[in-house]
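Here are some short exercises to work through with the model open beside you. Try each task on your own before reading its solution.

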Amino acid sequence: MGLVLAMSVATSAEAREEPRGYGDVLEYISRSWDVLTRSQSSCEVVVDPKLGDRSVLYLPMNLPEPASVQALRQKCPQVQVQRLPQVITGPGQVDVRKLQAQGLLYLEHPYVVPGGRFNEMYGWDSYFILRGLLRDGRSELAQGMVRNFLFEVQHYGSVLNANRTYYLTRSQPPFLSSMVMAVYDEGKLGEAERRAWLEEALPYMVRDYEMWTRGAHLAGDTGLSRYFDHGEGPVPEIADDNRHYRDTVWYFMQHPEEGKPYMKEVPVGTKADSPVNPVFTTQVCEQTPGTIAVECTSQQAHTLTEDFYKGDRAMRESGYDVSFRFGPYGAGTHHYAAVDLNSLLYKTEKDLERISTQLGRTADASRWRERAAQRKERMNRYMWDAKRGMYFDYDFTTGQRSTYEYATTFYPLWAEQASPEQARALLSNLSRFEQPCGLAMSQRKTGAQWDFPFGWAPAHLLSIEGMRHYGYDKEADRLSRKYLDLVAGDFRRTSKLPGAKTGVILEKYDVVACTSEVDVTKGYRANVVGFGWTNGVFLELLHGLQQEPGHHEKRQARPPARERRPSPSRGP
């Protein structure tokens, strides 16, 4: 299918310019969907590369054993099937440390995984994967993935970080309503089917939304929301990267002022005071001046605080693991109302308004419209810096905005909550993020994968589509070409490596050096092949370039199109 698509792109009379020879990449993407698809009929679907080879599949407590699971038992004797210990209505209700073993959570339909060590269905990755599936004609697979998320809300209490037991304590950025509406707006369903689709999804969208707007996910008294994980202590899913917490301790030892809230020294030989509070012992060594002699004279022992682990876990719910946006190693994530999260909740409220209107529920539509208006006002009050022309995360524990410039400042454009004046100000700051091969996440080179000089597929799609919403097609086209050429160029470079049979698409790229050869020193160091959301974003950005100016598709109904604005005077 990818080859046919490439040919149609090259010959389309509607395209504004000749595409840049992406046929080989499109063919790879088309093949990749099948490679990355998992279903309950496969023994390998249960395997977790992060924790080893033990294969355990968990069913919801009150779900009759499906025929597919019975068949899996027969086909895969090494797979153990167990039940969760209780009915779950929200995150954190099961103490996953008490489970006999960690395992895969059952889902009804096949799904696409990101690739590599990520062998399960992820919460926010799946939105960008789904967009690619719909663009590539894989509607049935896309619909099944959405139904899997509805199943998660029903049986596991929320859209999960991913369908593993150790993720029962947290979610990921809320894209559920965007996924539902992407399928709805695709146009493959008949009118009756489209209405049934909305009616099926609506109660689960509301339940998932309410999880973000109550209890622990509230950002103090701001009326906004924060990322929060209900678990305690170190996360188990980085067992294959056991350097992470030790590296964190070492960083805080080198930067004691930054480490004060998050680390404390304990006597050498101290045992962990709980299973979730390990002790890290380091040797203190000195080098004799003018020689290569090193003498290690003493040891020190430290523990990371409960507050650090709460921030670490909340950072992972945000999806931006690891960045220094919320402090070193994301340690303060749970102290902030986040721009991206609240933009997505605004969009959810607007989607629910639209759905309620479509279903004739006018009173509900009015309530959702009011909630969206309130969130917009609060975001402007707490997050918008008119002097700097950007949105910043808000630390509700100190009552201060962050000053950390981050690419999530463009989320309000994608959610269409920014005013035309705010959009103009944001675009005047585009040069602070734009690099030779796309958008860098920040201006801070911290060594973390979600900071400078790294660029990511979701940030490109959301920022570029946000620019198109406000008429900045010139900037959107330029950034699209940069990122497409980066991915395609690197694909061809990797195809020439010794032993390579084809090029590959990867998780992350250095948008300054224009390569997938990334130098990550904090957090995840590997660059994973696959890669689900990069595939989807590549297809969508290419499609955006092929549209006539002013005719870009709207996947969500919004107020009438705003007046097209002139391009900002500043730019790269």
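This is a predicted model, so keep that in mind as you go.

**Exercise 1. Work out how the strands of the open sheet are arranged, starting from the pairing of β6 and β8.**

Step 1. Look at β6 and β8: they pair in the antiparallel sense, over four bridges. To find the register, locate M263, which stands opposite L304 in β8.

Step 2. Now turn to the other partner. β7 is joined to β8 (residues 294-304) by nine bridges, and these two strands also run antiparallel. Here V279 stands opposite T303 in β8.

Step 3. Put the pairs together. The result is an open sheet of three strands in the order β6-β8-β7, with antiparallel pairing.

Step 4. Ask which strands are the edges. β6 (263-266) and β7 (279-287) each have a single partner strand, so one side of each is left without a neighbour in the sheet. On average, neighbouring strands of this sheet are turned by 45° against each other, direction ignored.

**Exercise 2. Find the residue with a positive phi in the hairpin of β7 and β8, then the helix that lies across the sheet strands.**

Step 1. Follow the chain from β7 towards β8; six residues lie between the strands of this hairpin. In the hairpin, G290 takes a positive phi near 80°.

Step 2. Next, look for helix α8 (residues 244-254), which lies across β6, β7 and β8. Compare directions, and you will see α8 running at about 110° to β8.

**Exercise 3. Decide which parts of the chain the disulfide of C43 and C76 ties together, and what its handedness is.**

Step 1. The structure holds two disulfides. One of them joins C43 to C76, with an S to S distance of 1.9 Å.

Step 2. Place each cysteine. C43 is in the loop between β1 (37-38) and β2 (56-59), while C76 is in the loop between α3 (67-75) and β3 (80-83), so the pair ties together parts that are 33 residues apart in sequence.

Step 3. Check the torsion about the S-S bond of C43 and C76: it is about -85°, so the disulfide is left-handed.

**Exercise 4. Describe the second largest pocket by its volume and its lining.**

Step 1. Begin with the space: about 320 Å³ lies in the second largest pocket.

Step 2. Then take the lining of this pocket, which has 20 residues; V96, R97, E232, P236 and R313 lie nearest its centre.

Step 3. Sort the lining by class. It has 11 nonpolar, five polar and four charged residues.

How values were computed. Residues numbered from 1 in each chain as written. Predicted model: local features only at pLDDT ≥ 70, side-chain atom pairs only at ≥ 80, totals over all residues. Heavy atoms only, no water. 1 Å grid on protein atoms, 1.4 Å probe; cavity = no way out; pocket = protein on both sides within 12 Å on 5 of 7 lines; lining within 4 Å. Points joined across faces, edges and corners; volume = space filled by probe spheres on them. Nonpolar A, V, L, I, M, F, W, Y, C, P; charged D, E, K, R; others polar. Pairing = 2+ DSSP bridges. Axes fitted to C-alpha atoms, helices over the stretch in contact; angles between N-to-C directions. Contact = heavy atoms within 4.5 Å. Disulfide = S-S within 2.5 Å.
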